[in-house]
Amino acid sequence: REGQTTLHEEHQQQKRHHMQSTISIAIDIIASKSPGVASALNTGLEHCRSELVARMDADDICAPGRLTSQLRFMLGNSSVNVVGTSAVIFSTKDDLDKNDCPIV
């Protein structure tokens, strides 16, 4: 046991680290000039005051830590302009643990 860290201890260390490195997020609601997703996205980018932008659709589910991981990567790699992620396709909450969902 000496020199080893249990999963519980590691989780507690991560929680302490996370509490020390919080990220401030501000959201403004702005009416889009025209109907549609493309117009809404462009309007949002026109009003954005941030150097970095994260985007998700209303029906997307984000993995815990995804945005933090992508932010750290972007901040550590100034030559990178865009990051993405993989996707798991599912049709119900019960499908989240399955890997055999067809891609449509």
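This is a short talk on a predicted model of one protein chain.

I will start with the overall make-up. The chain has three helices and zero strands. Read from the N terminus, the order of elements is α-α-α. There are 104 residues in the chain, and 7% of them count as buried. The accessible surface of the chain comes to about 9700 Å². Carbon and sulfur atoms supply 54% of that area.

What about contacts across the sequence? If we take the contacts between residues at least 6 apart in sequence, 10% join residues at least 24 apart.

Now the helices, beginning with α2. Helix α2 covers residues 37-47, and T43 is found in this helix. Is T43 buried or exposed? The relative accessibility of T43 is 3%, and the cut-off for buried is under 20%, so T43 counts as buried. Which residues does T43 touch, leaving aside its neighbours within four places in sequence? They are I30, A31, S32 and K33.

Just before those four in the numbering is I29, so to speak, our next stop. I29 lies in the loop between α1 and α2, where α1 is residues 7-20. With 82% relative accessibility, I29 counts as exposed, because the cut-off for exposed is over 50%. I29 also belongs to a nonpolar patch on the surface, together with I25 and I27. The three residues have about 430 Å² of accessible area together.

Last comes helix α3, residues 66-76. Which residues of α3 are buried? They are R66, Q70 and M74. These residues cover an arc of only 60 degrees around the axis, which puts them on the same side of α3. The general rule behind this is that an α-helix has 3.6 residues a turn, so residues three or four places apart point the same way.

What does the face of α3 turned away from the buried side carry? It carries the exposed residues L75 and G76. L75 has a relative accessibility of 64%, and therefore counts as exposed. There is also a distance to note for L75: its C-alpha atom is separated by 9.7 Å from that of L52, and the two residues are 23 apart along the chain.

To recap α3: R66, Q70 and M74 are its buried residues, while L75 and G76 are exposed on the face turned away from them. That is the end of the talk.

Note on methods
Residues numbered from 1 in each chain as written. Predicted model: local features only at pLDDT ≥ 70, side-chain atom pairs only at ≥ 80, totals over all residues. Heavy atoms only, no water. Buried < 20%, exposed > 50% of the residue type's maximum accessible area, 1.4 Å probe, protein only. Helix = DSSP H or I, 4+ residues; strand = E, 2+ residues; numbered from the N terminus. Arc of directions from axis to C-beta. Patch = residues over 30% accessible without salt bridge, like charges linked within 9 Å, V, L, I, M, F, W, Y side chains within 5 Å. Areas by Shrake-Rupley, 256 points an atom, 1.4 Å probe, with all protein chains shown as cover. Salt bridge = Lys/Arg side-chain N within 4 Å of Asp/Glu carboxyl O. Contact = heavy atoms within 4.5 Å.
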